[in-house]
Amino acid sequence: MKVECRYTNFKIILCVLLLPLMCNSQKQQDSLYTIWGNTQLADTTRASAYRDFIYNNYFENKTDSAYAMALRLMDFTEVHQLKKHKADALILLGKIEHIFGDTPKASKNFESSLSIYKELNNKRGQAKAINGLGVSYKKVFNLDEAKTYYEKSLELSKEIKDTILMSQSLVNIGNIYIWRYKSDKALSYYTESLKLSKAAKNKREEALALINISNAYTQKQDYKRSENYMNDAIKIGDSLNNYNILAHAYQGLCLKYFKQKDYDKLISTADKLLGYGQKTFNDEMIGSAYYFLLEGYKGKRNFDLTVKYLELIKDFKTNIDDVLTIRTLAKIKIDNHRTKDSLLHINHTLKTGMSHQKEKANLFLAWGGSLAVLSVIAFFIYKNIKRKQHKAEKERQDEIDEKEKILKDLELSTVDAMIEGQEKERKRFAADLHDSVGATLAAAKLQFDYLVNHQKDTADSEELTKKISTLLETAYVEIRSMAHLKNSGVIAKNGLLPAVEKLAKNASGINGLEFEVQSFGLDQRLDNSLEISIFRIIQELVTNIIKHAKATQGTIHITNHSDNLNIMVEDNGVGFNPKQLSKVKSKMGITSIDRRVESLGGEFTIESEISKGTTVIIDLPL
C-alpha cells in the first residue's frame with residue numbers, strides 16, 4: 001500500500017502560505033497534474049509528470065512555489081526509492097537554488113545528482129548535472145573551471161548524441177569567450193549550436209542561439225548583422241508567444257542601440273523590454289529596462305525623465321532586496337514545515353504500528369527507562385561538549401592571533417611592494433627622459449655649438465637654426481605627451497571612466513596611434529583608492545603599447561558585472577611569443593602590474609601572438 005498521508009500537512013501549508021497552486025477545476029484540466037494525482041499509475045510515471053508540471057508552470061515565473069513542489073517531489077522519490085527521479089529532482093532544485101542566488105547549495109544538489117547518475121550509468125543525467133556545476137562556477141566568476149565543466153558536458157552529450165544538450169553546452173562555452181571579449185571564438189560555438197537546434201527543429205534553442213550570435217556581433221561592432229540575427233530571434237519568440245525569448249532579444253537590441261548612441265530607438269526598445277520583463281516577472285529584465293531608459297533619456301538631455309528612471313532604479317533595487325528577503329524567509333518556512341511534516345509522519349507510523357494497548361504501555365515504560373539512561377548519557381555528553389567547546393575556543397583564538405600576524409606581515413610586504421613600484425616608476429621616468437628627451441636635447445646642443453662656432457656662414461646658419469628649432473619642438477612635444485600621460489590620473493573629482501577617456505585622448509596621436517574606450521555598467525563611482533589603483537594599471541598598459549607595441553589601434557574595455565569588474569586592453573601591434581613572457585615581463589614592467597592585480601584579489605591574463613597584437617585581461621572582484 002502506498003504511503004500518502006505524510007503529504008497532507010504539506011499540501012495545507014502550500015495552499016495557505018504560498019497560494020500559488022491551481023484550484024481543483026484547474027488540476028482536472030491539466031493532464032500532467034491529473035497524472036500526478038492518479039495513485040493507480042506507476043510511481044515513476046507520476047514523478048515524471050509532476051517534474052514536468054513544475055517546469056512548465058512554476059519554474060520561471062513562480063520560483064517560490066516551484067521550490068516547495070520540488071521538495072515534495074524529492075520526498076516522493078525517497079519514499080518510493082526512485083533513484084533516477086530523485087536525481088532529476090536534485091537537478092531541478094539546483095536550478096532553483098541558482099535563481100535564489102544560493103550557489104553553494106545549488107552545487108551540492110548538482111553533485112548529489114551526478115553521484116546518482118554515475119551509479120545508474122545515466123550519461124544524459126551526468127551531462128545535465130555537470131552543466132549545472134559549470135553554471136555554478138560561472139556565477140562565482142571562475143570562468144576557466146566553468147569552461148572545463150561545460151566541455152565535459154559537451155563531450156558526454158556527443159557520446160550519447162543528444163542534440164539539444166550539445167546545443168546548450170556549445171552556447172555555454174561561447175558565453176565564456178564572450179566574457180573574455182573573444183567574439184570570433186564565441187561565434188564559432190554559437191553558430192554550431194544554431195545548426196544543431198535547427199536540425200532538432202527546436203525553435204526555443206534556435207532563438208537562444210540567434211540571440212547569442214547577435215550579441216557577439218554587437219561586441220564586434222558589426223551592428224547590421226547583429227540586428228538581422230536579433231530580428232530572426234524576435235520572429236521565433238512571437239511565433240511561440242514566448243515572453244522570455246522576447247525579453248532577452250529586446251535586451252540585446254537595447255545594448256546595441258546603447259553602444260550606437262541611438263537614443264530614440266534605445267528608448268522605444270527599452271519600453272518593449274520593460275513590458276516583457278513585467279509579463280515574465282523577471283527582475284533582471286525589468287532592472288535592465290530601467291537602466292537603458294535612464295541612459296536613453298540622459299542621452300537626449302531629458303532631465304525630468306532621467307531623474308524619474310534614476311529614482312525608479314533606486315526604488316526597484318530596494319524592492320528586489322525586499323523580495324529576496326521574503327523569498328529567503330518563505331524558503332526557511334518551507335524547510336521548517338517539511339521537517340515538521342516528516343516528524344508527524346514518523347509519529348503516525350509508530351502509532352499505527354502499536355496494535356494493542358499493552359504494547360503501548362510497554363513502549364512507554366521502555367521510553368521511561370531509556371529516558372533515564374539517556375539523561376545520564378546526556379550529562380556526560382554535555383560535559384564532553386563543554387570541554388571540546390573550550391578547546392575549540394582556544395584553538396579559534398590561536399587561529400585569530402595567527403591570522404592577525406599574517407595580515408600584519410602582508411601589510412608590510414604590500415608597503416614594500418608599493419615603495420618598490422614607486423622606485424621603479426621613478427627609474428622608468430628617468431630612463432624615458434634620458435633616452436628620448438635627453439637624446440633630442442643633446443642633438444640640439446651639438447647643433448647649437450656648431451652654429452656658435454660658424455656664425456659667419458649665413459647659409460649654414462639658417463639651416464642649422466631650422467634644425468635646432470625642429471629638435472626643440474620635438475623635445476617639447478615629447479615632454480608634453482609624457483606629462484599628459486602622467487597627469488591624467490587626477491581622478492578624485494571626475495571618477496575612473498572620465499580619467500581613462502582623458503588618458504586615451506592624450507595617448508592618441510603619439511606615433512600614429514589611436515585609442516578607443518568602450519565601457520558598460522560604470523554608472524556609479526567605485527571606491528576612490530580602488531579607482532586610482534585601476535587607473536594606474538591601465539596607465540601602465542597604455543604606456544607599454546606606446547613604447548613597445550608599434551600599434552596603430554588600441555582599445556580599452558571596462559565592464560562592470562555588478563560584483564566583478566572586467567578590464568581588457570588590446571592592440572594590433574607586433575605582439576610577442578608567449579613562451580618568452582619572462583623576458584617581456586622585465587622589459588614592460590608586467591611584474592608590477594601583476595602584483596597590483598594580485599593585491600586587489602584579481603586575475604591577470606596575457607594573450608599575444610607575433611604580428612597579431614596583444615590582449616591583456618584583468619578580472620577584479622568588487
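The crossing of helices H8 and H9 is left-handed, and I begin with this pair in what is a predicted model. Helix H8 covers residues 123-139 and helix H9 covers residues 143-160; their axes lie 8 Å apart, at an angle of about 165°. Since an angle over 145 degrees counts as roughly antiparallel, H8 is therefore roughly antiparallel to H9.

As for the residues that form this contact, H8 contributes Lys-123, Arg-124, Gln-126, Ala-127, Ile-130, Asn-131, Leu-133, Gly-134, Val-135, Tyr-137 and Lys-138. From H9 they are met by Leu-143, Glu-145, Ala-146, Tyr-149, Tyr-150, Lys-152, Ser-153, Leu-156, Ser-157, Glu-159 and Ile-160. By class, the contact of H8 with H9 holds eleven nonpolar, five polar and six charged residues.

Allow me to turn to what precedes H8. Asn-121 sits in the loop between H7 and H8. Its phi is near 55°, a positive value in a residue other than glycine. Is Asn-121 buried or exposed? Its relative accessibility is 57%, so Asn-121 counts as exposed. Within helix H7 itself, residues 103-120, we find Ser-107. Ser-107 has a relative accessible area of 15% and is therefore buried. Setting aside residues up to four places away in sequence, Ser-107 touches Leu-133 and Ser-136. Leu-133 has already been named among the H8 residues that meet H9.

I move now to a second helix pair, H10 and H11. Helix H10 spans residues 163-179 and helix H11 spans residues 183-199; their axes come within 8 Å and cross at roughly 165°. H10 and H11 are therefore roughly antiparallel to each other, and their crossing is left-handed. On the H10 side the contact is made by Thr-163, Met-166, Ser-167, Leu-170, Val-171, Ile-173, Gly-174, Asn-175, Tyr-177 and Ile-178. On the H11 side it is made by Ser-183, Lys-185, Ala-186, Tyr-189, Tyr-190, Glu-192, Ser-193, Leu-196 and Ser-197. Here the division is ten nonpolar, seven polar and two charged residues.

One of these H11 residues, Tyr-190, leads us to the interior. In soluble globular proteins, nonpolar side chains tend to be buried together. In this chain, the largest nonpolar core has 55 residues, and those touching the most other members are Tyr-190, Tyr-250, Leu-273, Phe-292 and Leu-293. Which elements give two or more residues to this core? They are H9, H10, H11, helix H12 (203-219), helix H13 (223-240), helix H14 (243-260), helix H15 (263-279) and helix H16 (283-299). Apart from this core lies another, of 38 residues, including Phe-53, Ala-89, Leu-92 and Leu-156.

Phe-292 merits a closer look. Leaving aside neighbours within four places in sequence, Phe-292 is in contact with Gln-251, Cys-254, Leu-255, Phe-258, Leu-266, Ala-270, Leu-273 and Phe-520. Two of these partners connect to other residues on my list.

The first is Leu-255, which is also touched by Thr-218. Thr-218 is found in helix H12, and at a relative accessible area of 1% Thr-218 is buried. Beyond residues up to four places away in sequence, the other residues that Thr-218 touches are Tyr-223, Ser-226, Lys-256 and Lys-259.

The second is Phe-258, which is in contact with Ser-519, as are Leu-497 and Ile-558, leaving aside neighbours of Ser-519 within four places in sequence. Ser-519 belongs to strand E1, residues 514-520. With 24% relative accessibility, Ser-519 counts as partly exposed. What is the distance in space between Ser-519 and Asn-566? The two are 9.9 Å apart, C-alpha to C-alpha, while 47 residues apart in sequence.

A further loop residue is Asn-241, placed between H13 and H14. Phi of Asn-241 is near 55°, again a positive value in a residue other than glycine. At 51% relative accessibility, Asn-241 counts as exposed.

Let me end with the chain as a whole. It has 23 helices and five strands. Of its 622 residues, 40% are buried. How many of the contacts between residues at least 6 apart in sequence join residues at least 24 apart? The share is 61%.

Technical notes
Residues numbered from 1 in each chain as written. Predicted model: local features only at pLDDT ≥ 70, side-chain atom pairs only at ≥ 80, totals over all residues. Heavy atoms only, no water. Axes fitted to C-alpha atoms, helices over the stretch in contact; angles between N-to-C directions. Helix = DSSP H or I, 4+ residues; strand = E, 2+ residues; numbered from the N terminus. Parallel < 35°, antiparallel > 145°, perpendicular 65-115°, else oblique. Left-handed = near helix turned anticlockwise from the far one by under 90°. Contact = heavy atoms within 4.5 Å. Nonpolar A, V, L, I, M, F, W, Y, C, P; charged D, E, K, R; others polar. Buried < 20%, exposed > 50% of the residue type's maximum accessible area, 1.4 Å probe, protein only. Core = buried A, V, L, I, M, F, W, Y, C linked by side-chain atoms within 4.5 Å.
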